[in-house]
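User: I have a model open and would like to go through it piece by piece. Can you take questions as I scroll?
Analyst: Go ahead.

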Amino acid sequence: MIPDRQRPESCNDYWRCIAMVLLVLLLHVPKLAWASDQQQLGWQRVIQFFPNASGWSEPAGEFAVRQILAGESLLGYQYQSLQVTDIPAYSGKPINIQVLLNPDGQIVDAYVLEHHEPILLIGIPEQKLHDFSAKYQGIMADQRVVVGNTSDPDAVTVDAVTGATVTVMVVNEIIMRSAHEVAVSLGLIEDHSNRPFAPSGIKRELFAAADWQSLLGNGAIRRLHLTRAQVDQAFANTEAAHIDNAPPGQSGQTFIDLYVAQIDPPIIGRNLLGERQYQYLQQQLQPGEFALAVLASGQYSFKGSGYVRGGIFDRIQLRQFGDIISFRDLDQQRLSDLYIDGLPALTEMSVFIIRDHHGFDPGSPWSLELLVRRQTGPVDGVFTSFEVGYQLPEAYIERPVPSAEQLAAMEAANRPMWVNIWYQKSFQLAVVLIALLVLMVILFLQDKFTQKPQFLHWLRRGYLLFTVVFIGWYALGQLSVVNVLTFVHAMMQDFRWELFLIDPVIFVLWTFTAACILLWGRGVFCGWLCPFGALQELINEAARKLKVPQFELPFAVHERLWAIKYIILLVLFGISLESLASAERFAEVEPFKTAITLKFDRQWWFVLYAAILLVINIFTRKVYCRYICPLGAALAIPTKLKLFDWLKRRKDCGNPCKLCAIECEIQAIHPDGHIDHNECHYCLDCQMTYHNERKCPPLVAKNKKRQRAAKQESGQIPIVQIESQV
């Protein structure tokens, strides 16, 4: 019996355990349900494309590949791309795609199971992404697929999805890279990733007499010398660690002294074999076949005593480009003698023929592997291998010159994905960079430009129109608070540059904006480079020209409404700590996707929200930017680090002169005359007034004083009328 005084504590422990179990279940059941839903959806796609399928195997191998079966018959293969590659997409998270392959290495289906792309979560219909991935049906896993146009005639091209170009380029990379790796691992296709476009040739006319030491010295002959101690060491920590070890005093004895040479170049083959034997061998070789000599002495035979006629040489094999070439008895010819000066004592000499179907390239590196086996049981054994690398001297080979198209295709294939995206968007980048250079000139020479207000007004209107049309609607260069949240999370977790380099226009704009914040504050972006802000300003300009009445809030109310955008930013950041995907949904407080990225082509409630903001903007400038925009709040925070104060003020500003504060259309100038750089949009209107001698009250008063002083200094005698005396 348990004493009564102990029961409450025991009960408490019991309920704690129950609570922990329930908590674990609550945390894991949604994940299990999600995984089950994905598996069910995956199987539905399998049935759709393999209607005879009766089931699939358990995931196996490095990439967790399933076999799709009809009874005992193999129909194809299934895998999920996350098991192969985790390339981050626009959202910063990878996209998971189920890919089905047939036994020939052809893509049967590619279907997106999971993504976190904001442009597709809320914006472009998700079906467009599925329609895009369906274009890969029938494409071989070893083909090159390009989104858009390419100069490579052998590449397959697929059209992008308007508004989601970066996302579909990532999808293309994921599908083709994963399909290639899986197909190679399954032996469905050959891995040609390191192969040249055309095999090298042999310089048949090149010959010079050479002895053994000279060929050994220049690498034409390669050597592998193993002692018994080295072999014993290779088997250490295995089941055969104490089998056939060298007796005391014999560890330094030669286990095998092996030499290998590719004897197709006359300077090697004729010197080794002699003229007659070399010519006889060359006559036997078919086009595309090559020969190598394997020579050895020592206790170990590279042919093996167990070799039988019709069998495979199980102690040597050749490896090139990841492919293994084994030799049969018909590929081997025994050598009775060699005719080169300085030849060491040899006990085994053979020539092995590399057949045409192996696709051997004599100009590329290869290696000969020597396999050593130790018996651990009646039928069991442990293998270890020793490798000797080989590369024909460059002087003995002729390398074909690849065409310009081949070089371009090779360069494009070897570039990282983000580099290819930068190449494809080179026109947009060039125009944006020129525009940013123009803006830099305006900012650095602002004192000169503001002295010509009419010219600067029209220049600014033209720049805002360019920002809306080109940067926003064409290049989709609208920055968002989602970019800020993604950057913060990347800094907190796993920072990867390719995550931000994947959209070149956005990256360049962010880089420029960061630099401008340090020099001028947030106003340069908000006043010149934000497409939605520019759209609002142009609409309000048109409304003012049409004499639409304008309304402004009292400064005390206006100043307190500034806090709203900071509260929204904090709420979004808090949500992102729990789920970045949820934060992306709540970030729809920004009308940027509706008005700029999707050009108002989406659900009516999003369009209505953006339209309301623009209609309010007709009567008072940039209400959204001043009070709601979380991106503006995020940019205002580092504005405190601004290094310079480029906006000039006078001691009269604010007291008594309040002209600039009254004229500032976003009310960024306080009644006391100082500019709040956290709210300033850098329109330069106050600077145009500052330099206008006919408008700025302090300048007007100063000019009047100057004119009076000038008259007095000119020495003019005042005229005095004298009345005549009678």
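**Strands, cores and cavities**

Analyst: To start with one pairing, β3 and strand β4 (residues 96-101) are antiparallel and share four bridges. Y79 has V99 in β4 as its bridge partner. Keep in mind that this is a predicted model.

User: Which strand is joined to β3 by five bridges?
Analyst: Strand β2 (residues 66-70) is joined to β3 (residues 73-80) by five bridges, and the two run antiparallel. Opposite R66 stands Q78 in β3.

User: What does G71 do in the hairpin?
Analyst: G71 takes a positive phi near 70° in the hairpin of β2 and β3, which has two residues between the strands.

User: Back up a bit. How many helices and strands in the protein?
Analyst: There are 28 helices and 18 strands. The protein has 726 residues, and 47% of them are buried.

User: And what share of the contacts comes from residues 24 or more positions apart?
Analyst: Among contacts with a separation of 6 or more, 70% are between residues 24 or more positions apart.

User: OK, sheets. What is the order of the open sheet of four strands?
Analyst: The order is β13-β12-β16-β17, and the pairing is antiparallel. β13 (323-325) and β17 are the edge strands with a single partner each, so each has one side without a neighbour in the sheet. From one strand to the next the twist averages 30°.

User: What joins β12 to β13?
Analyst: Three bridges join strand β12 (residues 316-320) to β13, in an antiparallel arrangement. L318 stands opposite I325 in β13.

User: How many bridges between β16 and β17?
Analyst: Ten bridges join strand β16 (residues 366-375) to β17, again antiparallel. R373 has F383 in β17 as its bridge partner.

User: Which side chains of β17 are buried?
Analyst: V382, T384, F386, V388 and Y390 point to one face of β17 (residues 381-390) and are buried. G381, F383, S385, E387 and G389 point to the other face and are not buried. Such alternation between the two faces of the sheet is what a regular strand shows.

User: Next, what order do the five strands of the other open sheet follow?
Analyst: They follow β9-β10-β11-β15-β14, with antiparallel pairing. At the edges stand β9 (221-227) and β14 (332-334), each with a single partner strand, so one side of each has no neighbour in the sheet. Neighbouring strands are turned by 20° against each other on average, direction ignored.

User: What about the pairing of β14 with β15?
Analyst: β14 and strand β15 (residues 348-354) run antiparallel and are joined by three bridges. The bridge partner of R334 is S350 in β15.

User: Switching to packing. Which residues touch the most other members of the largest nonpolar core?
Analyst: L529 and Y682 do, in a core of 72 residues. Leaving aside neighbours within four places in sequence, Y682 is in contact with L443, Q446, R460, W520, G523, V524, W528, W646 and L647. There is also a second, separate core of 59 residues, and its members include A220, A291, F302 and I316.

User: G472 next. Buried or exposed?
Analyst: G472 has a relative accessible area of 0%, so it is buried. G472 is found in helix α13 (residues 453-474).

User: What does G472 touch?
Analyst: Not counting residues up to four places away in sequence, G472 touches T467, G477, P531 and I596. G472 and P531 are 59 residues apart along the chain, while their C-alpha atoms are separated by 5.2 Å.

User: How many cavities of 30 Å³ or more are there?
Analyst: The structure holds four. The second largest has about 90 Å³ of space.

User: What lines that second largest cavity?
Analyst: Its lining has 16 residues, and R649, C653, C657, L659 and C660 lie nearest the centre. The elements giving two or more residues to this lining are α26 (659-663), α27 (685-690) and α28 (697-713). The largest share, three residues, is from α26.

User: Last one: where is C664, and why does it count as buried?
Analyst: C664 is found in the loop between α26 and α27. C664 counts as buried because its relative accessible area is 14%, and buried means under 20%. C664 and L684 are 20 residues apart in sequence and 9.6 Å apart in space, C-alpha to C-alpha.

Note on methods
Residues are numbered from 1 along each chain as its sequence is written. This is a predicted model: local features need pLDDT of at least 70, side-chain atom pairs count only at pLDDT 80 or more; totals for chains, interfaces and linings use all residues. Side-chain values use heavy atoms; hydrogens and water are left out. Buried means under 20% relative accessible area, exposed over 50%, partly exposed in between (1.4 Å probe, protein chains only). Two strands pair if DSSP finds at least two bridges between them. Axes are lines fitted to C-alpha atoms, for helices over the stretch in contact, and angles run from 0 to 180 degrees between N-to-C directions. A nonpolar core is a set of buried Ala, Val, Leu, Ile, Met, Phe, Trp, Tyr and Cys residues joined through side-chain atoms within 4.5 Å. Contact means heavy atoms within 4.5 Å. On a 1 Å grid over the protein atoms alone, a cavity is a set of points where a 1.4 Å probe fits but cannot get out, and a pocket is an open set with protein on both sides within 12 Å along at least five of seven lines; lining residues have an atom within 4 Å of a point. Grid points are joined across faces, edges and corners, and a volume is the space filled by probe spheres set on the points.
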